[in-house]
Amino acid sequence: MTVDAMTRTDAVSEEAATEAPVDSTPQAETTSETTEAKTETPENPEAPAENTAESPKPKRGRPKVATTAKKTRTVELTLTVTGTADGEWQAELKNGSKWVAKGLEIPAAAVSRAAKELHADLSGPIDEVINAARELQAAKVAQLEAELEKAKLALAELDA
C-alpha cells in the first residue's frame, strides 16, 4: 500500500499507536461495547432454534443413497489351480466357504489354454512352468529309453 492510498482510519490508528493513552476510561468503554456487540451477533435470536427444528434427526443404519446404477449380485467363486514340477495339475473350486470340487485332475494343455484366454500376464508364467515340466519329462523318457535298450540287449544275449 502506498502513502497516497492511506485512508483516514489508517492515519488515526497510527497516531493512536504512537501516543500513550493518559486516561484509561475510553478504553474500558470500547471493550464493553465490543463485548456487547459480540454477544449480539445473531440478528435473529430465534434462527438457531429454527435450524435445529428443521434439521431431521439422524436415522439408524446406513444412509440410503439414490443411485442410478443397477445393483448386481456378486458371487464369490475361488478357483485354485496347482501344478507340480512333474506336470500334474489339479483344480479346486470354492463357492464362498463351501467346496464345490476338490482335487480334479486337469491336463497341462487345458491349463495353458485357459491361462491364455484369461490374460497374457497369466499365460507367461504358467507356460514357463509347463515347459520346465515338459523338459523334465523328456529327460525321464530319454533315461527310460536308455534303460529299455540295455534291457533288450540283456534279453537278446540270454536268448542266444
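**A hairpin, a nonpolar pocket and a buried serine**

Leu104 in β3 is the bridge partner of Ala91. In this predicted model, that pair belongs to an antiparallel arrangement in which strand β2 (residues 89-95) and strand β3 (residues 98-106) are joined by 6 bridges. The two strands make up a hairpin, with 2 residues separating β2 from β3. Gly96 sits in the turn and has a positive phi of about 70°. As a general point, side chains in a regular strand alternate between the two faces of the sheet.

We can turn next to the largest pocket, which holds about 240 Å³ of space. Its lining includes Trp89 and Ile106, and these residues also mark the start of β2 and the end of β3, respectively. Also in the lining are Leu79, Val81, Ala110, Val111, Ala114, Ala115, Leu118, Leu122 and Ile126. At least two lining residues come from each of β1 (77-83), α4 (108-118) and α5. The biggest contribution is that of α4, with 5 residues. By class, the lining is made up of 11 nonpolar residues, with no polar and no charged ones.

Helix α5 (residues 120-159) is also home to Ser123. This serine has a relative accessible area of 11%, which is under the 20% cut-off, and therefore counts as buried. Beyond its neighbours within four places in sequence, Ser123 is in contact with Ala115 and Lys116. Of these two partners, Ala115 brings the description back to the largest pocket, as one of the residues that line it.

Definitions and conventions: Residues are numbered from 1 along each chain as its sequence is written. This is a predicted model: local features need pLDDT of at least 70, side-chain atom pairs count only at pLDDT 80 or more; totals for chains, interfaces and linings use all residues. Side-chain values use heavy atoms; hydrogens and water are left out. Helices (H or I, at least four residues) and strands (E, at least two) are DSSP runs, numbered from the N terminus. Buried means under 20% relative accessible area, exposed over 50%, partly exposed in between (1.4 Å probe, protein chains only). Contact means heavy atoms within 4.5 Å. On a 1 Å grid over the protein atoms alone, a cavity is a set of points where a 1.4 Å probe fits but cannot get out, and a pocket is an open set with protein on both sides within 12 Å along at least five of seven lines; lining residues have an atom within 4 Å of a point. Grid points are joined across faces, edges and corners, and a volume is the space filled by probe spheres set on the points. Ala, Val, Leu, Ile, Met, Phe, Trp, Tyr, Cys and Pro count as nonpolar, Asp, Glu, Lys and Arg as charged, and the others, Gly among them, as polar. Two strands pair if DSSP finds at least two bridges between them.
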